[in-house]
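Open your viewer, get the selection box ready and keep the cartoon and stick displays to hand. We will go from stop to stop, and at each one you will hear what to select and what is there.

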Amino acid sequence: MKIEGNQYYTIDVLPLRDMVMFPHMVMPIIVGREQSITAVEKAMEGNRLIFLVAQKEASAEAVKSKDLFRMGTVGHILQVIKLPNNLIKVLTEGLNRARVKRYSNNRGMMKAYAWTFDESAVDDDHTEAGKRQLKALFSQYCKANDNVPDEVLFTAMQIENAAWLTDYISAYVEIALMQKQNLLKNVNLKRRIDQLIELLNKENHVLALKNELDVKVRDQMVKSQRNYYLQEQLRVIRDELGEENENEGDIAYLRKKIDEAKVPPHVAEKVDEELERLKKIPTLSPEYNVIRTYVDWIAALPWTTHTDDQDNIRQARSILESDHYGLVKPKERILEYISVLQRVDRMQGPILCLAGPPGVGKTSLGQSIARALGRKFTRISLGGVHDEAEIRGHRRTYIGSMPGKIIQGLKRAGSVNPVFLLDEVDKLGNDFRGDPASALLEVLDPEQNKTFIDHYLEVDYDLSNVLFLVTANNPNQIPAPLLDRSEIIELPGYMDFEKVEIFKRHLMPKQLSRHGLHVDEVFIEDSAVMDTIRHYTMEAGVRNLERELGKILRKAVVQLNGNAKAKSIAVKRQNLPEFLGEPRFMTQRLVSEGEIGVANGLAWTPYGGSLLRVEVNLLPGKEQLTLTGKLGDVMQESAKIALAYIRARQETFQMDTDIFKDREIHVHLPEGAIAKDGPSAGITLTTAIISLLKKQKFPDDLAMTGEITLRGRILAVGGLQEKLLAARRYGFKRIIVPAENKSDIKELNKALYDGMELIYVKQYEEVYRLIFDKKKSA
């Protein structure tokens, strides 16, 4: 049947799922939806014409006009066969492409008002060339694709009409629905041929790669099957001849290693089971390597190997003193720990946690403890660990599984009683893979770690002889259950004179050796070292100081190599910028002459003490308190408490009663990119606001720290050593501290606050009299 092209038709619509109907094609369509069945019946009553168009979403049941494409094919129904389950099979022939101008829906019956296209083939050289290329590419496609029957290719080779050929090939190429719809949509024959050629080239390339991979996989499978078959034949022949199996030598070697490792009976029983399984598995089987690796791990672990502890406490003290300068209290606590450890078999006390800023020597102190005890040393870093399996190990069911970091560390140490340092425990994370902090509880608890089970080993391992140490920058971020099992040993930042001594005793010799220099080739004056500490580093430890020393020595090496006459290099305060550039940190006070509405506080950070400057402005506007500078919840509450306290004491502080009326108070803490939190800035916030309201300058030689209550009471704060270090670095002479911290001050090294006046206060009114009420303070 033929219909005229280039005219409009009103036709019943048959939506198609996951299918595009092309002209000149005869296809059976299974119809089951009531809407579609009605459309077929209506067409059969008339001229048997029906509009075949693809759905945009195959899952749509009640199809509307928006669910259908605009380009489809006018088809002729050749035959309708009823099937079980209220289905019908419709044999249709595609006639012409048609573009829908509009769809109409009347009582569930969808019709299309569509324009049909006349697709008379144009015979020219371009069309003929395209037709030949299409046949060649489709032939290549059919040979590479086993899903296309041979008769499809045979039929295609007989078609001479270019339009018919493109539609025929488009119908049988396995491409996406949208790609087929684009081919149907393209009514220009030449462009459609080019489009189909491009698609066939791409599909042929993909099929070639797929077939290449199939051949490789098939060859590998054939090879594996052949090897397995030959192995089985060889095994049977050896059994008949009474010879030992090929893997008997491996098993004998593994048994020897297990015997040498002197594993406990329960471990030996488990290993025997695995070796018996190993006998029955071909050597080329993947499971063979899994079991062998497991037995290797068991044999490589120290089960009985241990080191004898040194019992000379003087030697231990000498080692700690030679390895570290300063750190008096931490070294005293460590010597106490070592002394008790030498008198008892196992230490049942808490785990030592070395807490302090970066670069103060936490990791190296752990190494010194190992030297002092005569034990092996091993460490693992826990920073960023999120997976519980990193601690407990991975089960052997997983490909590439291995024991956890604890067992790996013991293998490296080669001893059952090493000093085991768990670094950066405050930076542990947790997610859907588990909580490593919870896994560490079993490791660190003396009551549980006698029978520690790694998921990979699946046998008990005794960790009770291991001396565990943990390190952290911020003890407050250590998970609470771990913190409960730890004793915190604070390693505070170094004072400047201590850094000078560390520079001369430890850093200078080490860096001279690394740079290939002799002691007499480079001389650095103490004044230059002090300037390096104060103007080129800003840290509690000495890590950056060592980096700066490295820069100096590299420049010195260049000068010595470039000048044959130069025998040595002297680094002094005057020529220090030649080696390190211009100073990066100026330690003069941020408030040099005193300002109104500004106060100097002292802050603790995980990286040492810092100056906390508070600035306050009074602005006309809505009566409110504005806080900026990336303040945490606790610090924001401190600012609100400070303002509430001031408003309640307006008469005491001799302030105007309507000073807050129609005024906005804006409090800002500089360095807004850095998060700030904690209650110890309460006294500083209060003082800065009063300074602004009374228009009195804040003293330039004064700094303060302390928490304030709503009643003006000054409460104790932490981190005093770091705060006093910061005060000394910035040159403050007077420090206001809570009276409740007096006992803490006595525990500190007096050199820390030598030359400073520490002013102890219980109530804020004492601070007020000191700064703002000169008559009363006098």
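## Stop 1: an antiparallel helix pair

Helices α10 and α12 are roughly antiparallel to each other, a term for angles over 145 degrees, whereas under 35 counts as roughly parallel, 65 to 115 as roughly perpendicular and the rest as oblique. Before you zoom in, note that this is a predicted model, in which local features need pLDDT of at least 70 and side-chain atom pairs count only at pLDDT 80 or more, while totals for chains, interfaces and linings use all residues. Residues are numbered from 1 along each chain as its sequence is written, and side-chain values use heavy atoms, with hydrogens and water left out.

Select residues 313-323 for α10 and residues 362-373 for α12; the two pack at an angle of about 155 degrees, with their axes 9 Å apart. Axes here are lines fitted to C-alpha atoms, for helices over the stretch in contact, and angles run from 0 to 180 degrees between N-to-C directions. Helices (H or I, at least four residues) and strands (E, at least two) are DSSP runs, numbered from the N terminus.

The crossing of α10 and α12 is right-handed. That word applies if the near helix is turned clockwise from the far one by less than a right angle, and left-handed applies if anticlockwise.

Now show sticks: Ala316, Ile319, Leu320 and Asp323 of α10 make the contact with Leu365, Ser368, Ile369, Arg371 and Ala372 of α12. Contact means heavy atoms within 4.5 Å. By class, the contact of α10 with α12 has six nonpolar, one polar and two charged residues. Ala, Val, Leu, Ile, Met, Phe, Trp, Tyr, Cys and Pro count as nonpolar, Asp, Glu, Lys and Arg as charged, and the others, Gly among them, as polar.

## Stop 2: α7, a loop and α8

Next, select residues 248-261 for α7 and residues 265-279 for α8. At what angle do the axes of α7 and α8 cross? They cross at roughly 170 degrees and come within 10 Å, so α7 and α8 are roughly antiparallel to each other. On the α7 side the contact uses Glu248, Ile251, Leu254, Arg255 and Ile258, and on the α8 side Val271, Asp272, Leu275, Glu276, Leu278 and Lys279. By class, this contact of α7 with α8 has six nonpolar, no polar and five charged residues.

Click on lysine 262, in the loop between α7 and α8. Lysine 262 is not a glycine, yet has a positive phi of about 55 degrees. With a relative accessible area of 57%, lysine 262 is exposed; exposed means over 50% relative accessible area, buried under 20%, and partly exposed in between (1.4 Å probe, protein chains only).

Stay with α8 and pick out glutamate 276 and lysine 279, whose side chains meet in a salt bridge (3.5 Å, N to O). A salt bridge is a side-chain nitrogen of Lys or Arg within 4 Å of a carboxyl oxygen of Asp or Glu. Both residues lie in α8, three residues apart, about one turn of the helix. Glutamate 276 is partly exposed at 36% relative accessibility, and lysine 279 is partly exposed at 31%.

## Stop 3: a network of charges

Select Lys270, Glu274, Arg277, Glu287, Arg396 and Glu458 together: they are linked in a network of salt bridges. The structure holds 50 salt bridges.

## Stop 4: α2 and α4

Move to residues 125-144 for α2 and residues 162-172 for α4; their axes come within 10 Å and cross at roughly 25 degrees. The helices α2 and α4 are therefore roughly parallel to each other, and their crossing is left-handed. Show Thr127, Lys131, Leu134, Lys135, Phe138 and Tyr141 in α2, which meet Ala162, Leu165, Thr166, Ile169 and Tyr172 in α4. The residues of this contact divide into seven nonpolar, two polar and two charged.

Within α2, the side chains of glutamate 128 and lysine 131 meet in a salt bridge (3.1 Å, N to O). Is lysine 131 buried or exposed? Lysine 131 is buried, with a relative accessible area of 8%, whereas glutamate 128 is partly exposed at 29%.

## Stop 5: one last loop

Finish at lysine 695, in the loop between α22 (682-694) and β20 (702-704). Phi of lysine 695 is near 55 degrees, a positive value in a residue other than glycine. Lysine 695 is exposed, with a relative accessible area of 64%.
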